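Today I am opening this model to look at its ligand shell, a bent helix and a core. Here is what I have on screen.

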Amino acid sequence: MSSFALRRLAVLGSTGSIGRSTLDVVRSAEKRMQVVALSAHTNISLLTEQIQEFRPQIVVVTHDPQNVSQLEKTRQIAKESGTKILFGAESLTQIVIRDDVDIVVSAIVGSAGLKSTLDALTVGKTVALANKESLVVGGELVMDTAKKYGGKIIPIDSEHSAVWQCLRTRTNQVTENEQNTKNIQKIILTASGGPFRNFSSEQLKHVTVADALTHPTWQMGKKITVDSATLINKALEIIEARWLFGVLPSQIAVVIHPQSVIHSMVEFSDGSVMAQLSPPDMRLPIQWAIDYPQQFSCPSKKMNWTENFSLEFFPPNLEQFPALQIGLEVAEQGGTAGAVLNAANEVAVDAFLQEQLPFHKITTVCQTILNHHNYERRPTLEQLQAADHWAREETKTWLSR
Ligand SMILES: NC(=O)c1ccc[n+]([C@@H]2O[C@H](COP(=O)([O-])OP(=O)(O)OC[C@H]3O[C@@H](n4cnc5c(N)ncnc54)[C@H](OP(=O)(O)O)[C@@H]3O)[C@@H](O)[C@H]2O)c1
């Protein structure tokens, strides 16, 4: 292997889809990457396997362990591996601020990921950010924190990674947090359209949980898979892009691209459009974020240029999928609006997964809760947490009616 800079990682949410793909990238990186810390919420048995394989210095279990015999086994394996175990969400801070961690992979799902993202940025770490909710909920605060303390954010979300890569290729004076946005005409986020792209309003009323969990192109965690089906995922990504790249919501467009090969595009002021292409496989944007600016071969799938294939693009159907308009409005409002949208959506998706809310009502619930929240323009972390709490309670009340 040619010379390289060692990447010492804390992987938050190591038992999830992004966490597991991250560890796959680490496996293929030989000595280039080292796992210092891991976190899991409920899946202690997988965490135990990861401890055995990667021998991290420290792990955090954020949920109260339910299975006592499994916990005993985990403690034993951790002892043999020289790994310390901490419990509780507050312990995440201890692992992200460690001196021997260079990069924090923020891959917890939902607004639960915000605090550790902020903690890492506060001590000037580089955050490889999968947890888009950090920017949806606290976009302005997160970007200000990065700027103030010298922290860096490199996106893992494939669309934002694509935009990031295009910007780095075309503009040469960008730094991680201060993009050269003056030549950007438009950021074009691609969306597969999800499994119900061509469904009528009537068909959307009969979508089952199993239908919604079958994504045509990506293998992901349950919450983001449902978000992709409602297109709320794309709404969250509009908000994420607005903060990450510092552009106006009017500079962000969405195009339906069912093949998920072009991950996003940037149109520059001279009319030139740059796109990033690769088969749908999260290991590429993960490796890009962890290794940047190094580039080594990646275990992700590669394009096959010897076969016939076509790439299609369609404008999104805003009537069937009102989520996109909500995303643009929330990106415009900023403040507490993102926290409220995200919390309402998390509760609504959970209710849908428990078959307590029909699929087509998820977006309606989000819009209803957003319509009557007490908006705060420049919220602190505490105000964001209060808005999140209020929206969860309000959504539960709405659902119980
Ligand atoms: N999957 C993708 O392809 C993809 C692509 C782009 C962006 N993202 C983003 O990446 C993040 C992770 O997505 P995912 O698909 O990997 O989700 P996932 O498969 O559901 O995994 C979520 C991870 O977070 C942990 N977790 C769940 N609730 C938690 C809590 N309250 N506190 C602390 N940890 C908690 C889980 O632990 P246990 O499993 O141990 O319970 C698991 O390790 C999301 O923000 C998502 O939007 C994902």
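I take helices (H or I, at least four residues) and strands (E, at least two) as DSSP runs, numbered from the N terminus. This is a predicted model, so I keep local features only at pLDDT of at least 70 and side-chain atom pairs at pLDDT 80 or more, while totals for chains, interfaces and linings use all residues. Residue numbers start from 1 along each chain as its sequence is written.

**Ligand shell.** I looked up which helices line the ligand: helix 1 (17–28) and helix 10 (222–230) each supply at least two shell residues. I find 28 residues around the ligand, the closest being G13, G16, H41, M220 and G221. A residue is near if its C-beta atom, placed from the backbone, lies within 6 Å.

**Helix 6.** Next I checked residues 133–149, where the end C-alpha atoms span only 21 Å, against 24 Å for a straight helix of 17 residues at 1.5 Å a residue; the expected span is 1.5 Å times one less than the number of residues. I see a bend of about 100° at G139, taken as the angle between axes fitted to the seven residues ending there and the seven starting there. Just after the helix, G150 has a positive phi of about 75°.

**Core and C366.** My last stop was C366. Leaving aside neighbours within four places in sequence, C366 is in contact with I232, I326, L341, A344, N345 and A348. Contact requires C-beta atoms, placed from the backbone, within 7 Å.

How values were computed:
Two residues are in contact if their C-beta atoms, placed from the backbone, lie within 7 Å.
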